[in-house]
Structures are given as C-alpha cells and as structure tokens.
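This report examines a single protein chain, with attention to two aspartate positions and one pair of packed helices. The sequence and the model are shown below.

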Amino acid sequence: MNPMGISTMKPCCKILISCCSKTSSIFGFSIPKSQNPSSLLRSSRKLHTCSSDNNHQRIVGNIKRLISQKPISNSSWGGQSRVFSNCCNVNRFRGFSVITNVASDVRHNSTSSSVEGHVNEKGFERIYIHGGINLSKPLVEEKQVIIEEEEKKNSSLEHSSVQNTENAKNFRKRNLSEIEKEAWDLLRESVVEYCGSPVGTVAANNPNDKVPLNYDQVFIRDFVPSALAFLLKGDGEIVRNFLLHTLQLQSWEKTVDCYSPGQGLMPASFKVRTVPLDGNTGKSEEVLDPDFGESAIGRVAPVDSGLWWIILLRAYGKITGDYSLQERVDIQTGIKLILNLCLTDGFDMFPTLLVTDGSCMIDRRMGIHGHPLEIQALFYSALRSSREMLTVDDGSKNLVRAVNNRLSALSFHIREYYWVDMKKINEIYRYKTEEYSTDAINKFNIYPDQIPSWLVDWIPDRGGYLIGNLQPAHMDFRFFTLGNLWSIISSLGTPRQNQGILNLMEDKWEDLISHMPLKICYPALEYDEWRIITGSDPKNTPWSYHNGGSWPTLLWQFTLASIKMGRPGLAEKAVTLVEKRISEDKWPEYYDTRTGKFIGKQSRLYQTWTIAGYLTSKMLLENPEMASLLTWDEDLELLETCICTLTNTSRKKCSRRAAKSQILI
C-alpha cells in the first residue's frame, strides 16, 4: 500500500437489470430495446468485467458493433422495477483495469465534444450524445499505452500524497487517548466492503439492535465525517471507492408511483446485499442496492446527497493531492448531471434552491420546505467546489457561466435577506406592508407580527445569525446550526456575519451547546405549533431528534468553522464536553431535553457519524492547517458580478447599491 493507503478500486463484473419490456443482448447482458441513448451509455459505463485478454477483446468488439449501429430512438424506458450493481472476483493487469479504461473511453468519446452546459437543456441525452456517437479516435488504445497512462497516474498520486503524509504519520505516532482508541476501533468495525474493497461505513453499528431499519446502510451525508477522518489519517482508498461506486449508482430511473425524481440524483444510501446467482445452486454474488427515497419515511428524494458528494470530491483532492480523480470524464459528467438538476429553470423567482420537507439532514416534516438555509449553504459550497473542479471547454463554458451567475445571486440573496441581528429585527419591526413597486423595502411582504416573542428576548446585542427559511410573507426565525456553520465554512456569509454567528453561539452557549453539543435547531416547536407543523410526529417531540435535539456529529463542522475564524478555543471547549460523556453513553445518535442531558429516547447507539465527527474534530484541532483545505475564502470576484448587468430591461432594478454593507467586508 502506498503512503496514503490509496489504491485503485477493484472493479465489478456486471450489472443486473430487472424490467418487463422486451430486451436485446449487448455487452453480454440484456438492455431494453426502448431504452434511450443516455440510459444505454450509462449502462455501458456501469459494465464491469474480468480483465483477461479474451474478455477484453469481446467487450471492445461489442462496443464497436454498438457504435456502428444507428442511433437508438429517444423513448423513455418504463417498467424498471429495481436496479442493482453487482460484482465478482476480478483479475487485473499490473496497474491497469480494463473496465476503468473502457468505461472512461466510452464516456470521453461520447462527451468530450458534446456535453451541453446550458442548464435549460431538458434533454438528458444531450449530455451524452449529440447526433449519434462520433468517435474522433479509436475507442480502445493499445494495452501498453493504457498501462503507461495508469503508471503515470499512480506516480502522480504518490508524488501528490507526500504533502499530507507527514501529518498522518505524526498523528499515528502520537499516543491516542483511550476514548480515541475506542472511537477508531468502532469506526473500523463500521466499514462496509464490496467485492473485497472498503466502500463506506454503516450509519450505526449496534450489535444489540434487533430492528436496524436503514441504519445498516451507507448514507452519503453520514459518510462525510467518516471520509474526512480516514483522509486526515492518511487513508484515501475507502473514500475513492465510495466516490466511484456512488457515481455508478447515480441517475437510475427510480420511481415513486411511476414518477421519476430527476436525472442526476444521487441516492440517499445504499446497501451491499448478497443474492443467489440464477441457475447456479449454492452460488451468490454481491450487489449494491441504492435507495433514492422510494423506501424512506415520507418518500422524499435526498436533495443534499449530490451536494455532499461534490463537496467530498473536492475534499478528497485537497487532502490527498490526487486531482486525477476529479479530471476523469465520468466524474466530470457526474458533476454536470448534479448541476444540471440543481440549476434547471422553474417558476421560482429566487436564486435559492426550492425543496420539500425532509430533503436534507432533517429528513422528516419540520416545516423547512421552501428555501431552507441548510440546503442553500450546501448548494453554495457545491457550486464553488464544482467551479474549482470543472474542466472548462466548449462543452462546459455555458455551465460554468451559469454557476458563476448563480453564485453571485445566491450570496447576495442570503447575505441581504437571511441575516438578522438586533438592527435588522428593529427594521422588520417597523416594516410597512403591501408595498407594490420595484423600490419596496419589504420585498417579501413580511408582517412584523411574525417576530416571535422568544426572539425579542433571545437576540444578543452583539452578533446575529442567518434565519432558517425565507418565503413570501414568511420568515422562519429558528436558528439552524448546520446551515449557519456551513455558511461560515463556505464564506456564504460575509466575514462580519461569520464572526457574528460565532459571537451569538458563544453568547448563547447554554442554549445551543450546554451539556452536549450541538442543538440541531433552536428553539423547539411546542404545543399547537408542534402538532400543526410536524403533524404530531412522536419522534420529533419538543427538544428531541430534529426538533431541538442535540447532535454530537455537528461537532466537526463547529470545529471547522471555529478554526477558520481564528477561534479554535470554542471548538476545544465543545470537544471537552463531548469527551465527558460520549463514550460512557455508547456514542448515541442524538440527545434530548433543552440542555442535552438525556440520551435520545429513540437514539441509535454506536452511531458512526457521531464517532467520526469526534475523531475529525480531534485531528483538525491537532492539525489546524488542514482546516484550510476544507474551507473557502471570500471570493471578491463574485461580489463584482451581477446578472442584472447582462440585460437591458428597465423592469430589473438591482438591490445591491442599497446593500453594500452586506456585500463588502
């Protein structure tokens, strides 16, 4: 194993597709004849095969025969009931995998000159195919050339990983405390393997849990702190495998009562299952079974999964120095698919992302539908990450332009309209309503009576925060921790606002951190408000779970934000609180009560992202210079860009001149 523990992911051999339409055989397995070109090429990307010379030539021949055929009609593929990605043992050439290169070549030749960056393009197939498949070079190079390319990539990998090897060695040399040793043992025990390679960690790993529900699956959002813990320790293999396997699961036609959630969607989670082989008694194989929300409570598609995937992809490159993963054509196309899904035009007038309840970490009904801060902060971070990683060419320049325009509009919108402090609340208190003009001060027709009584006494004289949601005639004044912390990390807020958020958290320590960090939101919904907004959710009772519960996994994001703003002492204080109880309490998922004294009434024990969040925080505090690789600085160019200048209409009047204080430092 190389110094960082990074190795090429072991490939899988084939994919099983269950459908009720007529099929034809291509690449050795069945594909519906009615499948559109995008789905067909997506299937070819998912092909995995043993890398013997005979199999290699057979695959190349099949791909060439496919290319020589006429373009397939663009009809939708209906009747698909369940898709699995499965594997078997694979032999490998030294430093080279046939499927990786074949799939990459298919994606390269089908996208290098045809990827449409315009986000209004509704035809998903345009991303993969434009007037059929036209190859500008042979599909498969000579084996020796491929081997040389792989060796060159591995050499680059080894060279780039040196920069972080010393930090990893120093961490391993340090004598770990008993609680850290226990945490690492538990994290390693939670690792899930697929075809002999690590691909993620289960959500919770309590051996005494008789009804695990979906806690025995690998969640994209839950795996992020685990991934960072492994990366900071110097092990990048599991993260690389995770990124590539979840990419393979992207965009399948998952349906809830025959409605597709949209191409480019990343699954909320996946599970490694062992299924028997047809016609082979006693033999079985491993398959990846993804969940896109069709099995989730509430049947809500995860909006944040694709955003977290992009953020983690950037973190992998920053920490390991392995930027070759970002440059792969399949990875580039995966990023574009997610962006295409997020940037699609709709009826909304705001630059924020419109989502339903339950589409993020708060995955149950909690009144966060609309434009919740958590999604906006992750959206902003994913856009900034994508802009760093996208290869700019004729096929992506329009997409990059759309990303820049959205970043500029989104940062202005959040900074100007989501921020509240004592001065802003006084302004809202004196709002005039029913204003009809482009010069309106109260643009969203907010009624002053919406200001809750708890906020009047709670808001401190110094500092402030970004509210939880903003819609016409509605401001959700609750403090949502993840959205505010991630706004600091990504520089979605101004430097002044970012310091103000930490000032508020320090001033309101007993409310937001108390005995166990950190409150997911404050305050909790109670009484009739709880019954109406949550639907009398028995799990989200006041000061429990998503409704004001305390979640130790938020510790790593608090640590990252504190280090970025030059205030690591806040994070150290919070880590000390965690260490007093977390191990004795068996690493629970969340805590209950206003002060976080009790273990959550339905909390899973040995929750993996609780464990990983603690370890990541400890390593970041020990190596604070690593935090700069996971954060974003203020982008002054974004502040000078405004899409309003691109149009000549007299009806558009930009509000930025009246809000310079929120735009500038």
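In which strand is the place of Asp289? Asp289 belongs to strand β9, which covers residues 284-291. The model is a predicted one, and the description that follows rests on it.

**Overall architecture**

The chain contains 24 helices and 17 strands. Of its 665 residues, 60% are buried. When contacts between residues at least 6 apart in sequence are considered, 74% of them connect residues at least 24 apart.

**Two buried aspartates**

Is Asp289 buried or exposed? With a relative accessible area of 8%, Asp289 is buried, because buried residues are those under 20%. Its side chain forms a polar contact of 2.8 Å with the side chain of Arg273.

Asp476 lies in strand β13, formed by residues 474-476. The relative accessibility of Asp476 is 7%, and Asp476 therefore counts as buried under the same 20% cut-off. A polar contact of 2.7 Å links the side chain of Asp476 to that of Arg478.

The two side-chain polar contacts are listed here.

| Aspartate | Partner | Polar contact |
|---|---|---|
| Asp289 | Arg273 | 2.8 Å |
| Asp476 | Arg478 | 2.7 Å |

Which residues does Asp476 contact once its neighbours within four places in sequence are left aside? They are Gly367, Ile467, Gly468 and Asn469. In addition, the C-alpha atoms of Asp476 and Ile451 are 9.2 Å apart in space, while the two residues are separated by 25 residues in sequence.

**Packing of α11 and α12**

Two packed helices are described by the angle between their axes and by the distance between those axes. For helix α11 (residues 329-342) and helix α12 (residues 373-389), the angle is about 140° and the axes are 11 Å apart. Why is this pair classed as oblique? An angle over 145 degrees would count as roughly antiparallel and one of 65 to 115 degrees as roughly perpendicular; at about 140°, α11 and α12 fall in neither range and are therefore oblique to each other. Their crossing is left-handed.

Which residues meet where α11 packs against α12? From α11 come Gln332, Ile335, Leu339 and Cys342, and from α12 come Phe379, Leu383, Ser386 and Met389. Sorted by class, this contact comprises six nonpolar and two polar residues, with no charged residues. Gln332 and Ser386 are the polar members, because neither residue type is counted as nonpolar or charged.

Technical notes
Residues numbered from 1 in each chain as written. Predicted model: local features only at pLDDT ≥ 70, side-chain atom pairs only at ≥ 80, totals over all residues. Heavy atoms only, no water. Axes fitted to C-alpha atoms, helices over the stretch in contact; angles between N-to-C directions. Helix = DSSP H or I, 4+ residues; strand = E, 2+ residues; numbered from the N terminus. Parallel < 35°, antiparallel > 145°, perpendicular 65-115°, else oblique. Left-handed = near helix turned anticlockwise from the far one by under 90°. Contact = heavy atoms within 4.5 Å. Buried < 20%, exposed > 50% of the residue type's maximum accessible area, 1.4 Å probe, protein only. Polar contact = N/O pair within 3.5 Å; in protein donor to acceptor, adjacent residues only side chain to side chain.
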